[in-house]
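Me: I'd like to go through the labels on this model and see what each one rests on. Can you take me through them?

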Amino acid sequence: MLIGELARRTGVSARMLRYYEGQGLLAARRGANGYRHYAEDAVVTVRQVRALLDAGLSTEVIGSVLECARGEEPVLRWCEELREVLRGELETLDERIDDLRHRRGNLAGLLAQDSS
């Protein structure tokens, strides 16, 4: 299928699909006319990428775990390396949340000083 059809079927812009391809997350072959042609399973791959992005993973991390994804949800095939990657990502998110809570407290404290 051409990039326009893949974009329509997945709801992801052609520009973003080209980005995924550039990141090594999506494969296309080129026709004689230079157009990108995607296999039918590209729809599932794009949905997997979107789900993993929605979970907060970077495209770099997704590139390392995408081969473990199965199905559109995606369901992951577990291995110790994947567990470690996801645990590390979760720890990083927890640290960011803690930092944001701290900053929020500081900001709320400044507003509490407002006497007007």
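Reply: Sure, starting with exposure: buried is under 20% relative accessible area, exposed is over 50%, and partly exposed is in between (1.4 Å probe, protein chains only). This is a predicted model, where local features need pLDDT of at least 70, side-chain atom pairs count only at pLDDT 80 or more, and totals for chains, interfaces and linings use all residues. Residues are numbered from 1 along each chain as its sequence is written, and side-chain values use heavy atoms, with hydrogens and water left out.

Me: Why is Glu 80 called partly exposed?

Reply: Glu 80 has a relative accessible area of 46%. Partly exposed runs between the buried and exposed cut-offs, so Glu 80 is partly exposed.

Me: What makes Arg 87 and Glu 80 a salt bridge?

Reply: The rule asks for a side-chain nitrogen of Lys or Arg within 4 Å of a carboxyl oxygen of Asp or Glu. For Arg 87 and Glu 80 the closest N and O atoms are 3.5 Å apart, so the pair fits that rule. By this rule there are six salt bridges.

Me: And what makes Arg 36 and Glu 21 a salt bridge?

Reply: Their side chains meet at 2.7 Å, N to O, so they pass too. Arg 36 lies in strand E2 (residues 36-37) and Glu 21 in helix H2, so the pair ties together parts that are 15 residues apart in sequence. Helices (H or I, at least four residues) and strands (E, at least two) are DSSP runs, numbered from the N terminus.

Me: How do you know that Asp 99 and Arg 103 are separated by about one helical turn?

Reply: They are four residues apart in helix H5, which means about one turn. They also form a salt bridge, with the closest N and O atoms 3.0 Å apart. Arg 103 has a relative accessible area of 54%, so Arg 103 is exposed, while Asp 99, at 34%, is partly exposed.

Me: Why is Ala 27 called exposed?

Reply: Ala 27 has a relative accessible area of 63%, so the exposed label follows. Ala 27 lies in the loop between H2 and strand E1 (29-30).

Me: What makes a nonpolar core here, and which residues touch the most other members?

Reply: A nonpolar core is a set of buried Ala, Val, Leu, Ile, Met, Phe, Trp, Tyr and Cys residues joined through side-chain atoms within 4.5 Å. The largest one has 24 residues, and Leu 6, Leu 17, Tyr 20 and Leu 26 touch the most other members. Its largest share, five residues, comes from H3.
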